[in-house]
Amino acid sequence: MSAFDASERVEDADGRHKADPDGEGARIDSEPGHAAPVDPRVGRAYRLAIWGIALGILVFAGGVVLWALAIGNSQLFKDGVDWVYDVALYGIAALVFGRDERAERVAALGIGAVMAVAGLHALYDLWDKILRPRPIELATLGFSAASAILIAYIIIGMLWRFRAEPNPVIKATWLSSRNDAISTTGFALLGLAARLLPMRWPEYLFDLFVAFLCFQASWAIWRATKAESGARAG
């Protein structure tokens, strides 16, 4: 049970809040500026976690990019640059957390835009691989797959305590990290297998599928944000 769950009001059978012995409703102490109540201790812990995730990925990605440039490995460079999308997603969540509902809607659109750019990047990378086929390097591919899986589960561990929180920003990052852990494991192993096959078309199909997922997520975020804005305007 989270800190917020423990501080929720007790409700009677008809859904109304019970009164305290002094006749007043139970009081929820929460930080201001949230779309849903957040216990101050939970808020502080979440800020530390989400900033730690964003900055940790940034440092790791920077190290991979520098390593790739030092050895002249284009595939490793691409894998390092791909982490910028995770940095942007968690960075947006860190910056928006604690602001108002309008800021959260803008952040959602920003995350959707990041996903769309990721899809375009996947298509560009596919086009570049077709024009200039890259050599298969088992060590590089294995490192990229293993590091992606490891980081996904480290993020799961850092956000685990917040999984029951109702705040939309916290919930979004938790669900994103949970889904990433599942999909990253499958995608990393599938991508590694596709790139090791003697023919290259399974790898190209996999890249198309990744681009499709990015565009689908971006479209879903845009529709959800538009529907919410319409409901409030109505």
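Analyst: Helices here are DSSP runs of H or I with at least four residues (strands: E, at least two), numbered from the N terminus; W201, for instance, lies in helix α8. This is a predicted model, where local features need pLDDT of at least 70, side-chain atom pairs count only at pLDDT 80 or more, and totals for chains, interfaces and linings use all residues. Residues are numbered from 1 along each chain as its sequence is written, and side-chain values use heavy atoms, without hydrogens and water.

User: Why are α3 and α6 called roughly parallel?

Analyst: The axes of α3 (residues 74-82) and α6 (residues 138-159) come within 10 Å and cross at roughly 10°. Angles under 35 degrees count as roughly parallel, and α3 and α6 therefore earn that label.

User: Which residues make the contact of α3 with α6?

Analyst: With contact meaning heavy atoms within 4.5 Å, Q75, L76 and D79 in α3 meet T140, L141, F143 and S144 in α6. By class, that contact has 3 nonpolar, 3 polar and 1 charged residues.

User: What makes D82 and K78 a salt bridge?

Analyst: The term asks for a side-chain nitrogen of Lys or Arg within 4 Å of a carboxyl oxygen of Asp or Glu. The D82 and K78 side chains meet at 2.8 Å, N to O, so the pair fits the definition. Both residues lie in helix α3, 4 residues apart, about one turn of the helix. The whole structure has 5 salt bridges.

User: Which helix gives the most to the nonpolar patch?

Analyst: That is α8, with 4 residues. The surface patch is formed by L120, L123, L197, M199, W201, L205, L208 and F215. Both α5 (101-131) and α8 (201-233) give two or more residues to the patch.

Notes
Axes fitted to C-alpha atoms, helices over the stretch in contact; angles between N-to-C directions. Parallel < 35°, antiparallel > 145°, perpendicular 65-115°, else oblique. Nonpolar A, V, L, I, M, F, W, Y, C, P; charged D, E, K, R; others polar. Patch = residues over 30% accessible without salt bridge, like charges linked within 9 Å, V, L, I, M, F, W, Y side chains within 5 Å. Areas by Shrake-Rupley, 256 points an atom, 1.4 Å probe, with all protein chains shown as cover.
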